[in-house]
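Here are my comments on the model, set out as numbered points for reading alongside the coordinates. They begin with the chain as a whole and then turn to particular strands, salt bridges and the nonpolar core.

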Amino acid sequence: MRLACSQRRIVRGVAVLVHWVCRLQSIRDKDSYLMEHSVNLSVLMSIYCRSMSMDKEVMHQTMVGALLHDIGKVMVPDEILHKPGRLTDSEFTEMKHHVVYGRDMLRGMEGVSELSLTTVAQHHERIDGSGYPDGLKGDEISQHGKMVAIVDVYDAITADRCYHRGMTPNMGIKKLLEWSDSHLDRSLVNHFIRCIGIYPVGSLVLLESGRLGVVIESNEFDQRLPTLRIMYHTKFRSYIKTEMLELAKPKVQDRIVKAVDPAEYQINVKDFL
């Protein structure tokens, strides 16, 4: 899971959702990626909500909705859910129906508030009306529905699948900006980017020294100076002794030049998070 060290305290907040684990077992049994994606969304939404100073109870209910947003996919046939190629029109219609399945499964369930249910029901709605299942547009979509849509898209496009290599975090941010105003709310996208930083956790960055490092912790005071795990030197095209580097420390002179694509150096960033 792509989390900063300073964000680990947020994970403890997810512990209040532990009673949902049994319900989530069906997601784990269906697809391990779905489980990881669901937990990622819950944690990212908690960070997002905290950055907006939301009421704790509202944040909790939104986290529950994020955690359960894809539970309807347990009803989607495996041959469609796991199909590596392009879905047919009828298959895509069935895939989209997972939102309705989830909404119907959770409606009236003890512990699922209206806000949680709305978060589940609206995570695929888009502000231009092109989303589903209800084709809502603009202010017809709740703030939490718009927020979870942004986080859902970001986590999905930056995740590795067996048939799809995820985008880098920086490319994921660029895509969010590209889809702003049409599919996603621009002001909320901008807030999310400020929340996760210009170099999100999991980014591979090139330093002035020629070394490469994976961002393992953002810096809330100066986003240009995250904490890195250094492990590769581009001059020698080889791995070096792993070390942690806090760019914000006064004596550290090295600075980030740019974010780079891990594929260029055949680096699996997950090995260093």
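1. Please keep in mind throughout that this is a predicted model. The protein chain contains 12 helices and 5 strands, and of its 273 residues 52% count as buried. The chain exposes about 13500 Å², of which carbon and sulfur atoms supply 51%. Among contacts with a separation of 6 or more, 60% are between residues 24 or more positions apart.

2. On the strands, I would begin with β1 (residues 204–207) and β2 (residues 211–217). The two pair in the antiparallel sense over 3 bridges, and Leu 206 has Leu 212 in β2 as its bridge partner. The hairpin they form has 3 residues between the strands, and Gly 210 there takes a positive phi near 95 degrees.

3. Strand β2 also pairs with β3 (residues 227–233), again in the antiparallel sense, and here the pairing runs over 6 bridges. Within it, Arg 211 stands opposite His 233 in β3. Strand β2 is mostly covered, since 6 of its 7 residues are buried.

4. Arg 211 deserves a second look, because this residue is buried, with a relative accessible area of 17%, under the 20% cut-off. The side chain of Arg 211 meets that of Asp 254 in a salt bridge, at 3.0 Å from N to O. The pair links distant parts of the chain, with Arg 211 in strand β2 and Asp 254 in the loop between β4 (238–246) and β5 (256–260), 43 residues apart. Asp 254 is buried as well, with a relative accessible area of 10%.

5. Which residue forms a salt bridge with Asp 222, and is that residue buried or exposed? The partner is Arg 224, and the closest N and O atoms of the two are 2.8 Å apart. At 56% relative accessibility, Arg 224 counts as exposed, because the cut-off for that class is over 50%. By the rule used here, the count for the model comes to 12 salt bridges.

6. Another of the salt bridges joins the side chains of Asp 185 and Lys 146, at 3.9 Å from N to O. Asp 185 lies in the loop between α10 (169–178) and α11 (186–196), whereas Lys 146 belongs to helix α9 (residues 143–157), so the pair ties together parts that are 39 residues apart in sequence. Both Asp 185 and Lys 146 are buried. The N-to-O distance of 3.9 Å falls within the 4 Å cut-off for a salt bridge.

7. As to the nonpolar interior, the largest nonpolar core has 28 residues, and those touching the most other members are Met 45, Tyr 48, Met 147, Ile 150, Val 151, Leu 176 and Phe 192. Helices α3 (32–51), α4 (56–67), α9, α10 and α11 each supply at least two residues of this core, and the largest share, 8 residues, comes from α9.

8. Leu 176 is a convenient residue from which to inspect that core, being one of the members that touch the most others. Leaving aside its neighbours within four places in sequence, Leu 176 is in contact with Ile 150, Val 153, Tyr 154, Leu 184, Val 189 and Phe 192.

Technical notes:
Residues are numbered from 1 along each chain as its sequence is written. This is a predicted model: local features need pLDDT of at least 70, side-chain atom pairs count only at pLDDT 80 or more; totals for chains, interfaces and linings use all residues. Side-chain values use heavy atoms; hydrogens and water are left out. Buried means under 20% relative accessible area, exposed over 50%, partly exposed in between (1.4 Å probe, protein chains only). Helices (H or I, at least four residues) and strands (E, at least two) are DSSP runs, numbered from the N terminus. Two strands pair if DSSP finds at least two bridges between them. A nonpolar core is a set of buried Ala, Val, Leu, Ile, Met, Phe, Trp, Tyr and Cys residues joined through side-chain atoms within 4.5 Å. Contact means heavy atoms within 4.5 Å. Accessible areas come from the Shrake-Rupley method with a 1.4 Å probe; for residues, only the protein chains shown count as cover.
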